[in-house]
Structures are given as C-alpha cells and as structure tokens.
Amino acid sequence: MIKSVILAASILLSFNLMANEDAAHCKVMSSLAGDIMELRQQNADIASLYELLEDSQSAIIMISMAYKEPLYLTDEYTKRSVSTFKNTVFMICIDARKDM
C-alpha cells in the first residue's frame, strides 16, 4: 500500500496539466486520496505519511483531512469511508480547477 502511495505521489508531483485534462488530474488526486484513507483506516502512523509525502502540499492536506475522519472497525464502513473520501477529493479538485 505504501508503494502505491509513493507511486501516486510521484505522479502527482510530476503532473503539468492543461485545462482540458482536469478530470485526469483529479482522478489521480482521488486515487491518492483513496490510498491515504485506506492507510488511515489501517491506523497507519500519520507522522510517517507526512514524512513520505511532505513534498506535496495537496497530499499533506489530504492526510490532515483523512485523519480527522473516524477509524471504522467493519469492512463495510471502511470501504464506504474510502469511497466517500475519494469522491469528496475529486469534487474539491474539479471545483478548484474551474477557478483556475
């Protein structure tokens, strides 16, 4: 899981997108958000995530958002929290890119 976060973060950091690629960019952001929330639901150490993704302000914001959410004990609620978080980040990204 950590490897996929590293990969997603490196993709995120290397993106230089044009306006017509907003959805693709936001899908990457949403995917990274899902990985972060999955790690949060596994009770991963927040300090390690901050250290790992410190070069991405967007990732740091997502980590802060994810760790403000409750830790769920059932698979159903865990999956729902990941899906909801991914969708929330996608919508925030799309809305922010409209204003650019």
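1. Overall pattern. Read along the sequence, the protein chain follows the pattern α-α-α-α-α. The chain thus has five helices and zero strands. The model discussed here is a predicted one.

2. Burial and surface. The protein chain has 100 residues, and buried residues make up 36% of them. The chain exposes about 6300 Å², and carbon and sulfur atoms supply 56% of that area. Contacts between residues at least 6 apart in sequence are also informative: 70% of them join residues at least 24 apart.

3. The nonpolar core. Which residues touch the most other members of the largest nonpolar core? In this core of 20 residues, they are I36, M62, I63, A66, F85 and V89. Helix 2 (22-41), helix 4 (57-66) and helix 5 (75-98) are the elements that give two or more residues to the core. Helix 2 supplies the largest share, with seven residues. As a general point, nonpolar side chains tend to be buried together in soluble globular proteins.

4. Residue I36. This residue belongs to helix 2. Why does I36 count as buried? Its relative accessibility is 0%, and the term applies because buried means under 20% relative accessible area. Leaving aside neighbours within four places in sequence, I36 is in contact with L53, A59, M62, I63 and A66. One of these partners, I63, is 27 residues away along the chain, yet the C-alpha atoms of I36 and I63 are separated by 6.4 Å.

5. Helix 2 against helix 4. The axes of helix 2 and helix 4 come within 9 Å and cross at roughly 40°. The two helices are therefore oblique to each other; the angle does not fall under 35 degrees, the cut-off for roughly parallel. Their crossing is right-handed. On the side of helix 2, the contact is made by M29, L32, A33, I36, M37 and R40. On the side of helix 4, S58, A59, M62, I63 and A66 take part.

6. Residue A66. Not counting residues up to four places away in sequence, A66 touches I36, M37, R40 and F85. I36, M37 and R40 also appear among the helix 2 residues that make the contact with helix 4. F85 belongs to the helix 5 side of the contact between helix 4 and helix 5.

7. Helix 4 against helix 5. The axes of helix 4 and helix 5 come within 12 Å and cross at roughly 140°. Helix 4 and helix 5 are therefore oblique to each other, and their crossing is right-handed. The contact is made by M62, M65 and A66 of helix 4 and by F85, V89 and I92 of helix 5. M62, A66, F85 and V89 were also named in point 3 among the residues that touch the most other core members.

8. Helix 2 against helix 5. These helices pack at an angle of about 145°, with their axes 8 Å apart. The crossing of helix 2 and helix 5 is right-handed. From helix 2, the residues that meet helix 5 are D22, A23, H25, C26, K27, M29, S30, A33, G34, M37, E38 and Q41. Their counterparts in helix 5 are T78, S81, V82, F85, K86, N87, V89, F90, C93, I94 and R97.

9. Residues R97 and D22. R97 is placed in helix 5. With a relative accessibility of 14%, R97 counts as buried. R97 and D22 are 75 residues apart in sequence and 6.7 Å apart in space, C-alpha to C-alpha. Both residues are listed where helix 2 meets helix 5.

10. Residue Q41. This residue lies in helix 2. Is Q41 buried or exposed? Q41 is buried, with a relative accessible area of 9%. Not counting residues up to four places away in sequence, Q41 touches P70, L71, Y72, T78 and S81. Of these, T78 and S81 are among the helix 5 residues that meet helix 2.

11. Residue N43. N43 is found in the loop between helix 2 and helix 3 (46-52). N43 is exposed, with a relative accessible area of 53%; the label applies because exposed means over 50%. Phi of N43 is near 60°, a positive value in a residue other than glycine.

Note on methods: Residues are numbered from 1 along each chain as its sequence is written. This is a predicted model: local features need pLDDT of at least 70, side-chain atom pairs count only at pLDDT 80 or more; totals for chains, interfaces and linings use all residues. Side-chain values use heavy atoms; hydrogens and water are left out. A nonpolar core is a set of buried Ala, Val, Leu, Ile, Met, Phe, Trp, Tyr and Cys residues joined through side-chain atoms within 4.5 Å. Buried means under 20% relative accessible area, exposed over 50%, partly exposed in between (1.4 Å probe, protein chains only). Helices (H or I, at least four residues) and strands (E, at least two) are DSSP runs, numbered from the N terminus. Contact means heavy atoms within 4.5 Å. Accessible areas come from the Shrake-Rupley method with a 1.4 Å probe; for residues, only the protein chains shown count as cover. Axes are lines fitted to C-alpha atoms, for helices over the stretch in contact, and angles run from 0 to 180 degrees between N-to-C directions. Angles under 35 degrees count as roughly parallel, over 145 as roughly antiparallel, 65 to 115 as roughly perpendicular and the rest as oblique. A crossing is left-handed if the near helix is turned anticlockwise from the far one by less than a right angle, and right-handed if clockwise.
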